[in-house]
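Here are my notes from a pass through the model, in the order I'd want to discuss them. Have the viewer open while you read.

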Amino acid sequence: MQGPVYFDIAHMLAGGLVLVSMMMLYQDRLYALLNVFALHSLLLTLSVAWQAFIQGAPHLYVTAAIALIFKVVVIPVALHHMIRKLGIHREIETVVGIGATMLAGIGLVALSIVVMLRVTPEADPLTREDLAFALSVLLLGLLIMVTRRNAVSQVVGFMSLENGLVLAAAGAKGMPLVVEISVAFSILIAFIVIGVFLFRIRERFDTVDVRALDDVRGRRRK
Amino acid sequence: MSAPSLFAFDAVAAVLAIPVVAAALLALMPGYKATARINVAASLLTFAAALSLFVTERPAPGQYLLVDDLNIVFIVLNTFVGFTTSLFSASYIAHELETGRLTPANLRFYHAMYQVMMFGMNLAFVSNNIGLMWVAVELATLTTVLMVGIYRTHEALEAAWKYFILGSVGIAFALFGTILIYLAAQPVIGEGYDAMVWTLLVERVAAFDPALLNVAFIFLLLGYGTKVGLAPLHAWLPDAHAEGPTPISAVLSGLLLNVALYAVLRFKILLAANPEAISPGPLMMTMGLTSLVFAAFMLYRRRDIKRMFAYSSIEHMGIIVFAFGLGGPLANFAGLLHMVMHSLTKSAIFFAVGHIAQIKGTQRLSAIRGLTETHPALGWGLVIGVAAIAGLPPMGVFMSEFLLVSSTFARQPLLAVPLVFGLLVAFGALLLRLTGVAFGQPRGSRQPADASYLPMYSHLLLVLIAGIYLPPPLVAWFQHIANLLR
């Protein structure tokens with residue numbers, strides 16, 4: 001099933017993901033960041049569901065459903081709850097200023113588009129653009145992770161990065177294991193991030209600011 | 001479709017099933033003595049199953065699983081070191097429990113995770129599907145993240161967090177590379193599982209789009225390279241080694257780095273089979289040499305004994321990646337041999353270091369002195385281990401380094417300069433530290449060691465034997481693989 005409208009809608013949804021990734025870069029409050037992340041995941045859900053429809057691949061609906069339930073609802077709600085409980089709904093400290101981060105983000109998007117479009121001249125245009133957008137989302141997620149000091153926002157960065165991967169996997173026509181991979185990622189996020197780290201960090205430091213961890217290192221200088 | 005190779009009884013199934021069953025059992029059982037024994041028994045059984053891979057008939061490569069000459073070496077090495085480490089771990093953990101650093105609940109978790117990790121690593125080795133391999137490598141990595149953080153101290157949490165963050169970047173890049181490989185294969189092989197089956201990919205890779213393969217390889221090299229601990233991406237490695245329990249340091253250095261290296265090698269073979277794609281060699285050589293020289297200098301400034309040997313692991317992974325990057329029968333042979341020797345020696349060193357740190361109650365190098373006098377068995381074990389890892393004859397590491405250096409001189413004389421330079425710098429650093437730790441006026445606690453020497457000395461003996469005499473069948477086997485790797 002291929003037609004200009006199908007293509008345009010897929011294009012719009014994937015482009016929307018990149019845009020929302022850029023929006024995440026300048027969020028300076030945790031709640032706002034979580035809301036934007038929920039929007040990001042919602043767009044991913046739509047995008048994957050649309051891919052499922054145009055590719056006629058029913059298993060992708062499962063991936064979309066996982067994204068919807070887990071990343072649009074469960075994780076943001078749980079993190080909201082956690083932030084309230086920990087009392088850390090303050091501003092997020094960033095390592096680099098917002099302006100510089102945005103510029104870096106624009107550079108990364110340009111880079112990924114140049115790289116991906118150049119190496120896939122023969123691929124199906126839908127796949128090509130999907131990949132270019134997916135790589136942008138991935139790199140922007142990475143940028144969020146490195147420019148934030150707060151553990152929760154690093155986790156959000158990781159999850160948005162993972163959204164980019166799911167987008168790429170869904171865009172690759174007929175790729176097997178997409179569902180398995182998204183399940184594996186969800187379990188990973190649920191277990192590692194929420195279960196283990198945040199509670200342990202809380203237990204030891206009374207803060208989820210990763211800088212507290214760095215300070216320890218600074219004192220010990222090995 | 002996976003049924004024939006997965007469910008009919010064969011060695012491969014055993015190698016995978018034993019750790020899973022053991023993990024489930026260990027998660028349910030209380031009491032550390034029994035669980036430690038079960039851990040050892042399960043590891044021994046897995047090792048036996050791995051050995052039986054040599055004699056049993058190999059299953060035909062399926063959609064998911066594959067046994068070939070290359071991965072048998074990795075599996076046997078993996079399960080052997082897994083077994084000896086479980087022996088070491090049993091005595092190490094008893095002490096940790098006494099001193100209260102670990103609780104029985106932690107321990108149950110630890111043992112179950114140990115087996116899950118073994119499962120993940122074995123699965124990565126036998127998987128014929130690049131997606132499955134990715135999942136398995138990630139599984140093994142994540143279990144180690146959890147184990148690194150098990151002490152819940154500030155430093156352990158910092159190390160685990162850093163490992164998790166950098167590891168997830170690696171995860172992301174490797175998966176993106178895997179997706180790109182699939183996309184390159186899809187027009188040639190067709191949609192679905194077949195386009196992710198490694199044996200099919202290798203057969204038809206010549207027809208793939210080279211540009212896409214190039215980009216894919218760069219992502220894969222960065223992704224899996226993070227886990228190998230290659231220089232710009234190594235930051236997690238020293239912390240994870242220093243702050244986790246020592247058996248995990250031994251397994252990390254000896255085994256997990258090999259798993260990631262194995263993944264890189266598989267993709268290297270893939271790329272080498274496409275004449276128009278970039279040759280992966282120069283990239284790997286650059287990263288290898290950078291890691292080697294960087295880590296060699298970093299060795300001088302270490303004050304923590306486990307951290308120092310972690311940097312030494314970066315150095316050796318650099319050497320190995322350089323060797324495989326250089327390619328050709330001799331360098332590949334040297335790389336394989338070096339990998340085996342490094343796994344054995346480095347885990348032996350960590351066995352010694354684990355007991356030493358427990359006795360002294362610290363990992364600070366300055367607090368450890370004169371070990372050969374107070375604890376001769378441990379001290380001399382460490383001396384032999386460090387002499388081996390520094391590349392002194394007659395140990396096996398010397399032989400592999402010698403082969404590599406001579407091969408480099410013959411083919412790329414200019415590259416031999418930084419290689420030899422890095423080796424010498426590291427050599428100096430290790431000997432400098434060793435003299436302080438092993439000799440001189442004893443410092444710190446002198447209480448007798450309640451150690452298990454068998455794992456350490458069996459590894460060192462193997463390394464010594466390999467340095468003096470390599471059995472011809474083994475040489476033939478390695479030569480065969482070296483040709484396979486191109």
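1. Salt bridges between the chains: there are zero between chain A and chain B. This is a predicted model, so please read everything below in that light. What the interface does have is six residue pairs in polar contact, both partners being at pLDDT 80 or more. Chain A and chain B bury about 4,200 Å² between them, and 76% of that is on carbon and sulfur atoms. In residue terms, 47 residues of chain A are in contact with 46 residues of chain B.

2. Which elements of chain A give two or more residues to the side that touches chain B? They are helix 4 (98-119), helix 5 (125-147), helix 6 (151-171), helix 7 (178-205) and helix 8 (210-220) of chain A. Helix 7 of chain A gives the largest share, with 13 residues. Sorted by class, this side of chain A has 33 nonpolar, four polar and ten charged residues. Put that next to the count of zero salt bridges between chain A and chain B: charged residues are there on the chain A side, but the rule pairs none of them with chain B in that way.

3. Chain A as a whole. The secondary structure is eight helices and zero strands, which reads along the sequence as α-α-α-α-α-α-α-α. Of the 222 residues of chain A, 56% count as buried. Among contacts between residues at least 6 apart in sequence, 77% join residues at least 24 apart. The accessible surface of chain A comes to about 9,000 Å², with 67% of it belonging to carbon and sulfur atoms.

4. One residue to click on in chain A is A:Thr63, in helix 3 (residues 59-86). Is A:Thr63 buried or exposed? Its relative accessible area is 2%, so A:Thr63 counts as buried, the cut-off for that being under 20%. Leaving out neighbours within four places in sequence, A:Thr63 is in contact with A:Val48, A:Val166, A:Val178, A:Val179 and A:Ser182.

5. Over to the salt bridges that do exist. Over all chains, the search of the whole structure finds eight. One of the pairs in chain B is B:Asp69 with B:Arg58, at 2.8 Å from N to O. B:Asp69 sits in helix 4 (residues 69-99) of chain B and B:Arg58 in the loop between helix 3 (32-55) and helix 4, so this pair ties together parts that are eleven residues apart in sequence. The two partners fall in separate exposure classes: B:Asp69 is buried at 16% relative accessible area, while B:Arg58 is partly exposed at 35%.

6. B:Lys227 and B:Glu138 form another salt bridge, with their closest N and O atoms 3.6 Å apart. This pair links distant parts of the chain, 89 residues apart: B:Lys227 belongs to helix 9 (residues 210-228) and B:Glu138 to helix 6 (residues 130-148) of chain B. Both B:Lys227 and B:Glu138 are buried.

7. Where do B:Arg307 and B:Asp239 fit in? Their side chains meet in a salt bridge at 3.5 Å, N to O. Here too the pair links distant parts of the chain, B:Arg307 in helix 13 (residues 305-326) and B:Asp239 in helix 10 (residues 236-243) of chain B, 68 residues apart. B:Arg307 is buried, with 3% relative accessible area, and B:Asp239 is buried at 2%. The pair is also part of a network of salt bridges that links B:Lys162, B:Asp239, B:Glu243 and B:Arg307.

8. Two prolines to look at in chain B. The peptide bond from B:Pro393 to B:Pro394 is cis, with omega near 5°. B:Pro394 lies in the loop between helix 16 (376-390) and helix 17 (396-411) of chain B. B:Pro418, by contrast, is found within helix 18 (residues 413-438) of chain B. B:Pro418 is partly exposed, at 26% relative accessible area. Not counting residues up to four places away in sequence, B:Pro418 touches B:Leu289, B:Leu292 and B:Val293. For scale, B:Pro418 and B:Asp10 are 408 residues apart in sequence and 46 Å apart in space, C-alpha to C-alpha.

Definitions and conventions: Residues are numbered from 1 along each chain as its sequence is written. Chains are lettered from A and ligands numbered from 1 in the order in which they are written. This is a predicted model: local features need pLDDT of at least 70, side-chain atom pairs count only at pLDDT 80 or more; totals for chains, interfaces and linings use all residues. Side-chain values use heavy atoms; hydrogens and water are left out. Contact means heavy atoms within 4.5 Å. Buried area is the accessible area (1.4 Å probe) that two parts lose on being put together, summed over both. A salt bridge is a side-chain nitrogen of Lys or Arg within 4 Å of a carboxyl oxygen of Asp or Glu. A polar contact is a pair of N or O atoms within 3.5 Å; within protein, one must be able to donate a hydrogen and the other to accept it, and residues adjacent in sequence count only if both atoms are side-chain atoms. Helices (H or I, at least four residues) and strands (E, at least two) are DSSP runs, numbered from the N terminus. Ala, Val, Leu, Ile, Met, Phe, Trp, Tyr, Cys and Pro count as nonpolar, Asp, Glu, Lys and Arg as charged, and the others, Gly among them, as polar. Buried means under 20% relative accessible area, exposed over 50%, partly exposed in between (1.4 Å probe, protein chains only). Accessible areas come from the Shrake-Rupley method with a 1.4 Å probe; for residues, only the protein chains shown count as cover.
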